Number of protein chains: 2
Amino acid sequence: MLTVWLNYLVNMENNEHKILEAAKTVFQKKGMTGARMQEIADEAGINKALLHYYYRSKQMLFEAVFFQAFSLIAPKLGAVLNSEIALFDKIKHFTKGYISFAMAHPYVPKFIIQELNQNPDFAEKLVQHNSFPNIDIFKNQIETAVKNGKIRTISPEQLFINIMSLTVFPFIGAPLLKGFTKLNEADYKVLIEERKTMVADFIINAIKK
Amino acid sequence: MLTVWLNYLVNMENNEHKILEAAKTVFQKKGMTGARMQEIADEAGINKALLHYYYRSKQMLFEAVFFQAFSLIAPKLGAVLNSEIALFDKIKHFTKGYISFAMAHPYVPKFIIQELNQNPDFAEKLVQHNSFPNIDIFKNQIETAVKNGKIRTISPEQLFINIMSLTVFPFIGAPLLKGFTKLNEADYKVLIEERKTMVADFIINAIKK
DNA sequence: GTCTATAGCCAGATAGAC
DNA sequence: GTCTATCTGGCTATAGAC
């Protein structure tokens, strides 16, 4: 227990860890191509040469950041999707959990989707990653609910896409949506906060008979 | 009529136009920071110096592409949102119209949202742009429908965000969603095609009493 | 492990001939 | 208007002292 705490303290002053934190900040703000190694070094408060000492190249540092970001959120999503709870409860947990996470880490969703769009081959690496969530159980659950007449007819894939869209897009599209709704940062945040429960209600109303 | 056709032909061979088309292709694929002027020149089949002759700098060429992309879709959205048709019909037109457009121009939504996230000041320029849609009429329409008991209680902003999310996200998040659903390009496209009507049905079910 | 200095390359932009 | 050649700066990456 004490060692955990000590490791934590050590890591805070550990250069390798400081670099990864700085790289996260810069890559998530500027993207792979927009980020500069010098800026990451400055952000970490260390020398540029050390970046290469620890991570060899910009590409490898980037991939470390990318997969760490994904590993931060993916297991949480997978755990909810594969848990043994009723469909409506699962939808509530999933949306609330994701929105809470994204509010705490606002750059992560943007970052993942952005880089995935510019590196199509990254998608393959990601799917094969051990923490990539499997949605088969969730799909079965939806199909069963449709068959049993518990919910309206809808393809499991479409319902899943709808759930993802309603939870993720308000973060990805924030600048655009703020423009449309003419809301400032603070008011937009209030709106997002409301979505922790609103999104699930909306979905459930859409599918329940 | 003849002159229109002649202008079209001339523009096809016009270098200024060829540059803009090539720039669109490269910027939308690689983003502002990832794109290279040389690649745009190659794509246009002309010399790199000509890019600067016509557009002065990379930044200015980029902005020309960006605002042209936005002008391509924004007026269509605005027209639907401000038309005088019933709420449910408007939702049907909007979603079907947007999805049809995005299928024909798959890079445009990604491009706009991506660059908006990396250039926060772009958002302001965009909102002041003459073709930026105003959603006041649409918001009033929703508020009235709520007051008259035609639909469930929902804030106009939240409903608008839901509509945008369900229509736009499947294009922005395509690589991720393909990974989750394990669908290939062709099957995913079929799914998107279904959404031309499915999305509106889903929304209407969610809000109607 | 950590630094300074610099190699080596490539990008955006311009000069100037035609 | 269109080209070739080139400037200038900034970037990733490494060499080498400590």
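The exchange below goes through a predicted model, taking up how its two protein chains meet and how they approach two DNA strands.

Biologist: Which kind of rotation axis relates the two copies?

Modeller: In general, two copies of a chain are related by a rotation about an axis and a shift along it. Here a rotation of 180° with 0.0 Å of shift along its axis superposes chain B on chain A, with an RMSD of 0.0 Å. The two copies are therefore related as by a two-fold rotation axis.

Biologist: In chain B, which residue has the C-alpha nearest the axis?

Modeller: The axis in question is that of the 180° rotation which superposes chain B on chain A. In chain B, the C-alpha nearest to this axis lies 1.9 Å from it and is that of Ala206(B).

Biologist: What area do chain B and chain A bury between them?

Modeller: The size of an interface is often given as the accessible area lost when the parts come together. In this model 55 residues of chain B are in contact with 55 residues of chain A. Of the area buried between the two chains, 68% is on carbon and sulfur atoms, and the area itself is about 4,800 Å².

Biologist: Which residues of chain B lose the most area to chain A?

Modeller: Chain B and chain A bury about 4,800 Å² between them. On the side of chain B, three residues together account for 15% of what that side buries, and these are Phe169(B), Phe180(B) and Phe202(B).

Biologist: Through which surface do the copies meet?

Modeller: To answer this, one asks which interface residues of chain B are also interface residues in chain A, and the share is 100%. The copies therefore meet through the same surface.

Biologist: How many salt bridges are there between chain B and chain A?

Modeller: Side chains of opposite charge can pair when their charged atoms come close. One such pair is Lys182(A) with Asp136(B), whose side chains meet in a salt bridge of 3.2 Å from N to O. Asp136(A) likewise forms a salt bridge with Lys182(B), the closest N and O atoms being 3.2 Å apart, and this pair crosses from helix α9 of chain A to the loop between α11 and α12 of chain B. Over all chains the count comes to 14 salt bridges, while between chain B and chain A it is two.

Biologist: Which element gives the largest share of the side of chain B that touches chain A?

Modeller: Across the interface of chain B and chain A there are 18 residue pairs in polar contact. Several helices of chain B each supply at least two residues of the side that touches chain A, among them α2 (15–34), α9 (136–147), α10 (156–172) and α12 (185–207). That side divides into 31 nonpolar, 14 polar and 10 charged residues. Its largest share, 13 residues, comes from α10(B).

Biologist: Which element gives the most to the surface near DNA strand D?

Modeller: Of the 14 residues around DNA strand D, those that come nearest are Lys48(A), Lys58(A), Asn15(B), Asn47(B) and Tyr54(B). A phosphate oxygen of this strand is 2.8 Å from an N or O atom in the side chain of Asn15(B). The elements that give two or more residues to this surface are α4 (48–55) of chain A and α4 (48–55) of chain B. The one that gives the most, with four residues, is α4(B).

Biologist: Which side chain has an N or O atom 3.3 Å from a base nitrogen of DNA strand D?

Modeller: Of the atoms of DNA strand D within 4 Å of the protein, 62% belong to sugar or phosphate and the rest to bases. A phosphate oxygen of the strand is 3.2 Å from an N or O atom in the side chain of His52(A). The base nitrogen, in turn, is 3.3 Å from an N or O atom in the side chain of Lys48(A).

Biologist: Which element gives the largest share of the surface near DNA strand C?

Modeller: A phosphate oxygen of DNA strand C is 2.9 Å from an N or O atom in the side chain of Asn15(A), and a phosphate oxygen of the strand is also 2.9 Å from a polar backbone atom of Met37(B). A polar side-chain atom of His52(B) lies 3.0 Å from a phosphate oxygen of this strand. Both α4 of chain A and α4 of chain B supply at least two residues of the surface near the strand. The largest share, four residues, comes from α4(A).

How values were computed. Residues are numbered from 1 along each chain as its sequence is written. Chains are lettered from A and ligands numbered from 1 in the order in which they are written. This is a predicted model: local features need pLDDT of at least 70, side-chain atom pairs count only at pLDDT 80 or more; totals for chains, interfaces and linings use all residues. Side-chain values use heavy atoms; hydrogens and water are left out. A residue is near a molecule or strand if one of its heavy atoms lies within 4 Å of it. A polar contact is a pair of N or O atoms within 3.5 Å; within protein, one must be able to donate a hydrogen and the other to accept it, and residues adjacent in sequence count only if both atoms are side-chain atoms. Contact means heavy atoms within 4.5 Å. Buried area is the accessible area (1.4 Å probe) that two parts lose on being put together, summed over both. A salt bridge is a side-chain nitrogen of Lys or Arg within 4 Å of a carboxyl oxygen of Asp or Glu. Ala, Val, Leu, Ile, Met, Phe, Trp, Tyr, Cys and Pro count as nonpolar, Asp, Glu, Lys and Arg as charged, and the others, Gly among them, as polar. Copies are superposed by least squares on the C-alpha atoms of residues with pLDDT of at least 70 in both.
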